[in-house]
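Me: I have a structure open here and would like to go through it slowly. Could you help me read it piece by piece?

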Amino acid sequence: MAAVGERSVGMSCRSGRLWSRVVLLAVWMCSTAADQTEEYLKREHSLSKPYQGVGSSSSSLWDLMGSVLVTPQYVRLTPDLQSTQGAVWNRMPCYLRDWELQVHFKVHGQGKKNLNGDGFAIWFTKDRMQAGSVFGSKNNFVGLGVFVDTYPNEEKQHERIFPYVSAMVSNGSLSYDHTRDGRSTELGGCTAMVRNLNHDTFFVIRYVKRRLTIMIDIDGKQEWKDCLDVAGVRLPRGYYFGASAATGDLSDNHDIISLKLYQLTVERTPAEEKMDKEVFIPSVDNMKLPGMDDHEESMSGFALFLIIFFSLIGMIFVGVILLIVYNKWHESSRKHFY
Ligand SMILES: [Ca+2]
């Protein structure tokens with residue numbers, strides 16, 4: 001805005017006023033556009049008290065798996081017992097472009113510091129209801145995983161203090177490495193001291209215009225704190241929301257109090273619309289996921305083949321032309337000689 005104002009300096013008084021009006025109008029339009037970001041709770045993708053019919057009736061929007069237990073107060077993914085796995089999965093695929101998932105959770109147990117585990121995950125994935133090694137759900141998933149990892153498996157920790165919240169996007173070829181707490185595949189994350197708290201704990205996953213942000217509210221102050229912010233995260237639509245947790249030698253109660261999914265209505269400029277095309281495989285800009293490399297390499301190999309092929313054709317063509325010119329010249333010089 002300042003740049004527009006500066007440019008109006010030196011113009012006539014009338015055009016200066018016109019400019020300031022244009023600036024005011026632009027400011028008003030911007031603020032109105034910002035106000036137009038509206039939220040709608042989507043009940044078909046939300047899970048909240050008293051979880052009526054969850055998992056039990058055929059009309060339920062959520063399916064249960066493994067050790068999960070539904071009470072009127074919480075959905076307990078795992079109890080504070082060794083070697084359990086549990087999950088809850090939305091039955092409805094989500095086709096929203098821009099959304100926000102508010103996760104109200106509680107992690108608590110008897111284990112003293114660092115003698116608890118393993119944590120839980122929130123999913124937005126192609127597949128659902130598949131048990132596995134990543135916090136009770138399958139590895140090499142296709143989509144987004146957000147992990148609340150309460151136990152540091154990697155002996156040598158680098159700057160990361162646990163419990164640790166992180167996010168990962170996989171196209172199915174990328175594996176979560178449990179022994180390294182997913183350090184090599186994380187998009188980013190933050191420390192979040194979430195265990196055994198007396199107040200409510202939340203985090204929010206926001207996905208707007210291909211930008212993935214995670215914020216946490218775990219201090220009981222009703223304030224969102226930044227945790228992760230990554231642009232250019234391309235997630236297909238039609239995936240499923242889910243939550244899963246696992247315990248091993250160490251354990252915790254992993255409770256989901258609510259999952260609230262909001263549709264966000266966001267204005268896009270034509271340029272943004274062009275940039276934000278529908279995708280069918282998850283990817284992150286400026287980040288090579290395995291499986292994508294092969295594709296890119298074979299494409300560049302093909303391009304190299306084309307270049308060599310057309311160069312050869314060109315060389316042969318030039319050679320033939322030169323031969324014809326030489327023959328003509330030779331013939332005419334012979335005629336001249338006789
Ligand atoms: Ca871990």
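Reply: Let us go through the aromatic rings, the calcium ion, the empty spaces and some unusual backbone spots, keeping in mind that this is a predicted model.

Me: Okay, aromatic rings to begin with. How many aromatic pairs are there?

Reply: The count comes to 16 aromatic pairs. As a general point, such a pair is described by the distance of the centres and the angle of the planes.

Me: Take Phe105 and Phe203, then. How are their planes set?

Reply: The ring centres of Phe105 and Phe203 are 5.6 Å apart and the planes stand at 55°, and because planes over 60 degrees apart would be edge-to-face and those under 30 stacked, this pair counts as tilted. Phe105 belongs to strand 6, residues 99–108, while Phe203 belongs to strand 11, residues 201–208, so that the pair links distant parts of the chain, 98 residues apart.

Me: And are those two buried or exposed?

Reply: Phe105 has a relative accessible area of 2% and Phe203 one of 1%, and since buried means under 20%, Phe105 is buried and Phe203 is buried as well.

Me: What about Phe124 and Phe241, what kind of pair do they form?

Reply: Phe124 and Phe241 also make a tilted pair, with 4.7 Å from centre to centre and 35° between the planes. Phe124 sits in strand 7 (residues 119–125) and Phe241 in strand 15 (residues 240–246), so this pair ties together parts that lie 117 residues apart in sequence. Both Phe124 and Phe241 are buried, and they belong to one aromatic cluster together with Trp99, Tyr207 and Tyr239.

Me: Which charged residues lie over the face of a ring?

Reply: Arg128 lies over the face of Tyr240, at 5.4 Å from the ring centre, and Arg160 lies over the face of Tyr164, at 4.6 Å from the ring centre.

Me: Switching topic, which residues are the protein donors of the calcium ion?

Reply: The donors come from Asp149, which is listed with two OD entries, from Tyr151 through its O atom, from Asn153 through OD1 and from Asp181 through an OD atom, and they lie 2.3 to 2.5 Å from the ion. Along the sequence the donor residues follow the spacing D-x1-Y-x1-N-x27-D.

Me: Where do Asp149 and Asp181 lie?

Reply: Asp149 is in strand 8 (residues 142–149), whereas Asp181 is in the loop between strand 9 (164–171) and strand 10 (188–191), so the two tie together parts that are 32 residues apart in sequence. Asp149 is buried at 3% relative accessibility, and Asp181 is buried with a relative accessible area of 3%.

Me: And Asn153, is that buried or partly exposed?

Reply: Asn153 counts as partly exposed, at 26% relative accessibility, and its place is in the loop between strand 8 and strand 9. The C-alpha atom of Asn153 is separated by 5.4 Å from that of Thr179, although these residues are 26 apart along the chain.

Me: Now the empty space. How many cavities of 30 Å³ or more are there?

Reply: A search of the whole structure finds 1 cavity of that kind, and the largest cavity holds about 60 Å³ of space. Its lining has 5 nonpolar, 3 polar and 3 charged residues, and among the residues that line it are Trp89, Trp123, Arg128 and Phe141.

Me: What volume does the largest pocket have?

Reply: The largest pocket has about 260 Å³ of space. It is lined by 16 residues, of which Arg43, Ser46, Ser48, Gln52 and Leu61 are the closest to its centre, and the lining divides into 7 nonpolar, 7 polar and 2 charged residues.

Me: Last topic, the backbone. Where are there cis peptide bonds?

Reply: One cis peptide bond joins Lys49 and Pro50, with omega about 0°, and another joins Gly117 and Asp118, with omega about -5°. Pro50 lies in the loop between strand 1 (38–41) and strand 2 (62–66), while Asp118 lies in the loop between strand 6 and strand 7.

Me: What is the phi of Asn140 and of Lys209?

Reply: Asn140 has a positive phi of about 50°, and phi of Lys209 is near 50°, although neither residue is a glycine. In general, most residues other than glycine have a negative phi. Asn140 is in the loop between strand 7 and strand 8 and is partly exposed at 29% relative accessibility, whereas Lys209 is in the loop between strand 11 and strand 12 (211–217) and is partly exposed with a relative accessible area of 31%.

Definitions and conventions
Residues numbered from 1 in each chain as written. Predicted model: local features only at pLDDT ≥ 70, side-chain atom pairs only at ≥ 80, totals over all residues. Heavy atoms only, no water. Phe/Tyr/Trp six-rings, centres within 6.5 Å; stacked < 30°, edge-to-face > 60°. Helix = DSSP H or I, 4+ residues; strand = E, 2+ residues; numbered from the N terminus. Buried < 20%, exposed > 50% of the residue type's maximum accessible area, 1.4 Å probe, protein only. Lys NZ or Arg CZ within 6 Å of the ring centre and 35° of its normal. 1 Å grid on protein atoms, 1.4 Å probe; cavity = no way out; pocket = protein on both sides within 12 Å on 5 of 7 lines; lining within 4 Å. Points joined across faces, edges and corners; volume = space filled by probe spheres on them. Nonpolar A, V, L, I, M, F, W, Y, C, P; charged D, E, K, R; others polar. Donors = N, O, S within 2.8 Å, 3.2 Å for Na, K, Ca; no water.
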